Amino acid sequence: MSDAQIRVMLVDDQELIRTGFRLVLLGEPGIDVVAEAADGEAALAELASLEASGGGCDVVLMDVRMPGMNGIEATGRIVAEHPATRVLVLTTFDLDEYATGAIQAGASGFLLKDARPDDLVDAIRRVAGGDAAMAPSVTRRLIEQLRLADPAQGPSSSASPEVSRAAGAPGAEADPHAVFEVLTERELDVLRLIAEGLNNAEISAELFLSESTVKTHVGRVLAKLQLRDRVHAVIFAKQHGL
């Protein structure tokens, strides 16, 4: 296995679903399924074992509703205890409140289980590369939930550590927009479009920039605001009234 391999763990209480995902990923170059688990507690044990053996795991495909430790708690634990590992949440329902909670707990993406195989593979590659992957319907729902929330309340207690730290928690900013002063005007434009759920190609068309330039701006926005990925950029922007 080359150093470029993306090491993936499958976490789902249904063996048939894990088998289906494994078969989809089996023939994909650069992706290796290194472990499976039927619940969150078993997933944490597998991660610890993989890291002890010097392997580790790049991406965890995480079911939400499982007996024992569910996907939300497991996601929070993985983000806190294994920061190099990204979590991609998978669920049957796009209106699953638990999945939105997992995103706020630190997951880097959300995908429906009925997604096309190509979409699943693309999501794994993007999450492993430090980007985020969101089903469009879920992105819209997350944005709408945050739009209805009171920005003056600041980040919720369920926000990821990166979001809370960048927001200066505890204690809300007197001016919720003051946190954006570190950004250039163009970076702020990019953040606004991220907050509306646009991907890099759509931002490129909107701002008449190349995709590589957009990617550079996105990276700078995340770095300056100390955010984990663009999913948490959406949360951060909405919570601060952008």
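Start with the whole chain as a surface: its accessible area comes to about 11,300 Å², and 51% of that belongs to carbon and sulfur atoms. Accessible areas here come from the Shrake-Rupley method with a 1.4 Å probe, and for residues only the protein chains shown count as cover. You are looking at a predicted model, in which local features need pLDDT of at least 70, side-chain atom pairs count only at pLDDT 80 or more, and totals for chains, interfaces and linings use all residues. Residues are numbered from 1 along each chain as its sequence is written, and side-chain values use heavy atoms, with hydrogens and water left out.

Now switch to cartoon. The chain has 11 helices and six strands; helices (H or I, at least four residues) and strands (E, at least two) are DSSP runs, numbered from the N terminus. Of its 242 residues, 48% count as buried, where buried means under 20% relative accessible area, exposed over 50%, and partly exposed in between (1.4 Å probe, protein chains only).

**The sheet**

Select the strands next. They form an open sheet of six in the order β2-β1-β3-β4-β5-β6, with parallel pairing; two strands pair if DSSP finds at least two bridges between them. The edge strands are β2 and β6 (133–134), each pairing on one side only. At the β6 end, two bridges join β5 (residues 109–112) to β6, and G109 stands opposite A133.

Move to β1, residues 6–11. Six of its six residues are buried, so β1 is largely enclosed by the rest of the structure. Show its side chains: I6, V8 and L10 point one way, while R7, M9 and V11 point the other way. In a regular strand, side chains alternate between the two faces of the sheet.

On one side, β1 pairs in the parallel sense with β2 (residues 31–37) over six bridges, where V11 has A37 as its bridge partner. β1 also pairs with β3 (residues 59–63), again in the parallel sense, over four bridges; look for L10 opposite L61.

Add helix α1 (residues 15–26) to the view: β1, α1 and β2 make a right-handed β-α-β unit. Right-handed means that, with the strands pointing away from the viewer, the path from the first strand over the helix to the second runs clockwise.

**A stop at D12**

Select D12, in the loop between β1 and α1. Is D12 buried or exposed? At 3% relative accessibility, it counts as buried. Its contacts (heavy atoms within 4.5 Å) include I17, R18, A37, D63 and K113. Try a distance label too: the C-alpha atoms of D12 and M62 are 6.6 Å apart, although these positions lie 50 residues apart along the chain.

**Two cores**

A nonpolar core is a set of buried Ala, Val, Leu, Ile, Met, Phe, Trp, Tyr and Cys residues joined through side-chain atoms within 4.5 Å. In the largest one, of 27 residues, M9, V11, V60, M62, I78, V89 and I103 touch the most other members. Helix α2 (residues 40–52) gives the largest share, four residues. Zoom in on V60, whose contacts include M9, V11, L47 and I78.

Apart from this core lies another, of 21 residues, among them V190, L191, L207 and V214.

**Last stop: α9**

Select residues 200–207, helix α9, where N200, I203, S204 and L207 are buried. Down the helix axis, these buried residues fall within an arc of 105° (taken from the directions from the axis to the C-beta atoms), so they line one face. They pack against α8 (185–195), α10 (211–225) and α11 (230–239).

Technical notes:
Lists of a residue's contacts leave out its neighbours within four places in sequence.
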